[in-house]
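Please prepare a briefing on this predicted model, covering its sheet, one helix and its aromatic contacts.

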Amino acid sequence: MSTVILGGGIIGSSIAYYLSESQRAGDVHIIEPSSRLFSGASGYAAGFLAKDWFAPSLAPLGELSFNLHESLAAENGGSEKWGYMKGTALSLAPSVGSEMGLHGDDWLDAGASRSETAVGSSEPATVEVPKWLTRQKGMALERISDDDTAQVDPLRLSTFLMNSAISRGVQLHQPAKAVSLARGRDSEIITGVTILNLGTDTETTIPCTNLIVCAGPWTPQAFHDLFPSSQLDIPVSSLAGYSLVLRSPRYTPEHEQKLHGGRSHAIFAESPASSGISPEIFSRQGGEIYIAGLNNPRAELPVRAEDSLNSMQRRDLDKLREISVQLMGKLHDDAVDFNEEIAIIDDLEVIREGLCFRPISQWGTPVVSRIEDELLGKGVKTHREGGVFLASGHGPWGISLSLGTGKVIADMVRGVRPAADVSELGI
């Protein structure tokens with residue numbers, strides 16, 4: 001029984017990782033069109049993990065995935081290999097509170113903070129300000145949660161999952177693109193997928209019993225390339241988001257251990273004056289600080305993930321840099337009063353600029369499901385032991401939900417009961 005996975009990001013890598021625990025070597029294939037792995041959101045995301053920040057339909061998958069992140073790190077040295085850290089989530093907002101209650105990915109459209117979806121968090125409590133965060137006039141820092149968040153470096157985690165799967169016999173075809181389906185003689189049943197090697201311009205047909213489409217924001221195109229007669233509307237689109245990875249003199253590996261006990265801080269800020277965005281800031285292992293929150297809903301999805309950086313606009317990056325300095329720059333030595341107007345010095349070092357396209361769904365929750373044969377289009381059927389599966393639309397939660405999604409899809413392919421109830425995440 002051969003499985004073909006379209007998409008080699010963190011979702012595809014997670015699926016391959018869990019499938020390779022039981023499937024024969026050589027029976028799992030990943031098709032990835034980009035010449036550089038993880039050049040999209042899987043490599044440029046924040047890496048924030050949450051356990052119970054999800055709407056009811058997504059809650060079982062969120063909890064499963066968080067627990068899998070914890071056990072995977074414990075069993076494989078995740079702290080050293082991909083920067084796994086337990087964390088504390090904080091909210092930075094005006095001293096006079098604002099109303100909460102957005103769910104799903106409503107916060108994306110509302111320009112609000114992702115922390116507003118923390119449906120399982122405890123009562124807010126005042127906390128000590130991390131040394132690398134600059135005091136803000138009229139703003140208060142409150143704890144959202146302590147025990148149900150964590151942090152990883154998504155690029156290093158994705159690399160671990162992919163390398164582990166390959167070491168077990170998973171075949172990676174890269175750069176390559178699936179171009180058509182093969183069917184049995186005088187049969188409508190899918191028997192293989194024909195792929196085009198984008199480097200050599202040659203075609204090869206791979207046996208296929210199970211087909212999994214998890215190509216991020218490219219999922220609708222990847223599906224309809226293979227099922228052109230299908231009338232199925234894949235409810236996934238893209239949202240581009242900018243990010244910076246910074247270093248601060250007030251957050252070094254020594255600070256990380258001595259001042260913060262090896263824990264990460266995730267800070268969800270309401271929009272600073274005149275900025276128009278709600279920044280998200282994450283301290284990561286190795287003295288790195290990641291900041292995002294500036295989205296560009298008008299940015300056109302590139303043909304391949306590796307082309308995303310070509311779409312970056314300098315004015316947007318400069319705006320995010322200005323906000324970074326406002327929130328994390330050095331206070332002038334004369335600034336002693338929390339509420340006074342203060343001067344801030346830019347002493348931050350930018351070590352990476354990013355723009356990635358996240359797959360978002362129409363209703364704010366991902367699709368993690370088998371697609372029924374009648375939706376595949378005229379003259380197409382799957383083997384009685386196989387099927388076509390979809391795993392996309394995770395929005396900003398792709399890293400957090402990656403392991404749970406991989407485990408659940410692997411269970412579906414094996415024909416066993418999924419480890420989490422995803423019955424409400426169908427197409």
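An open sheet of 6 strands follows the order E8-E2-E1-E12-E21-E20 with mixed pairing, where two strands pair if DSSP finds at least two bridges between them; helices (H or I, at least four residues) and strands (E, at least two) are DSSP runs, numbered from the N terminus. This is a predicted model, in which local features need pLDDT of at least 70 and side-chain atom pairs count only at pLDDT 80 or more, whereas totals for chains, interfaces and linings use all residues. Residues are numbered from 1 along each chain as its sequence is written, and side-chain values use heavy atoms, with hydrogens and water left out.

**The sheet**

- Strand E8 (171–173) and E20 stand at the edges with a single partner strand each, so one side of each is left without a neighbour in the sheet.
- Direction ignored, neighbouring strands of this sheet are turned by 15 degrees against each other on average, the axes being lines fitted to C-alpha atoms.
- E20 and E21 run antiparallel and are joined by 5 bridges, and Ser369 stands opposite Leu390 in E21.

**Helix H7**

- In helix H7 (residues 219–226), the residues Thr219, Pro220, Ala222, Phe223 and Leu226 are buried, that is, under 20% relative accessible area with a 1.4 Å probe and protein chains only.
- Seen down the axis of H7, these buried residues fall within an arc of 165 degrees, so they line one face of the helix; the arc is that of the directions from the helix axis to the C-beta atoms.
- The buried residues of H7 pack against strands E1 (3–6), E9 (176–183), E12 (210–213), E13 (236–247), E20 (367–371) and E21 (387–392), with contact meaning heavy atoms within 4.5 Å.

**Aromatic contacts**

- The structure holds 14 aromatic pairs, counted where ring centres of Phe, Tyr and Trp (its six-membered ring) lie within 6.5 Å, with planes under 30 degrees apart taken as stacked, over 60 as edge-to-face and the rest as tilted.
- Tyr17 and Phe160 form a tilted pair, at 6.3 Å centre to centre and 45 degrees between the planes; Tyr17 lies in helix H1 (residues 10–19) and Phe160 in helix H6 (residues 154–167), 143 residues apart, and both are buried.
- The rings of Phe48 and Phe268 have centres 5.4 Å apart and planes at 70 degrees, so the pair is edge-to-face; Phe48 in strand E3 (residues 48–50) and Phe268 in strand E14 (residues 264–269) are 220 residues apart, and both are buried.
- One aromatic cluster is formed by Phe48, Trp53, Phe54, Phe268, Phe282, Tyr290 and Trp397.

Terms used
Buried < 20%, exposed > 50% of the residue type's maximum accessible area, 1.4 Å probe, protein only. Axes fitted to C-alpha atoms, helices over the stretch in contact; angles between N-to-C directions.
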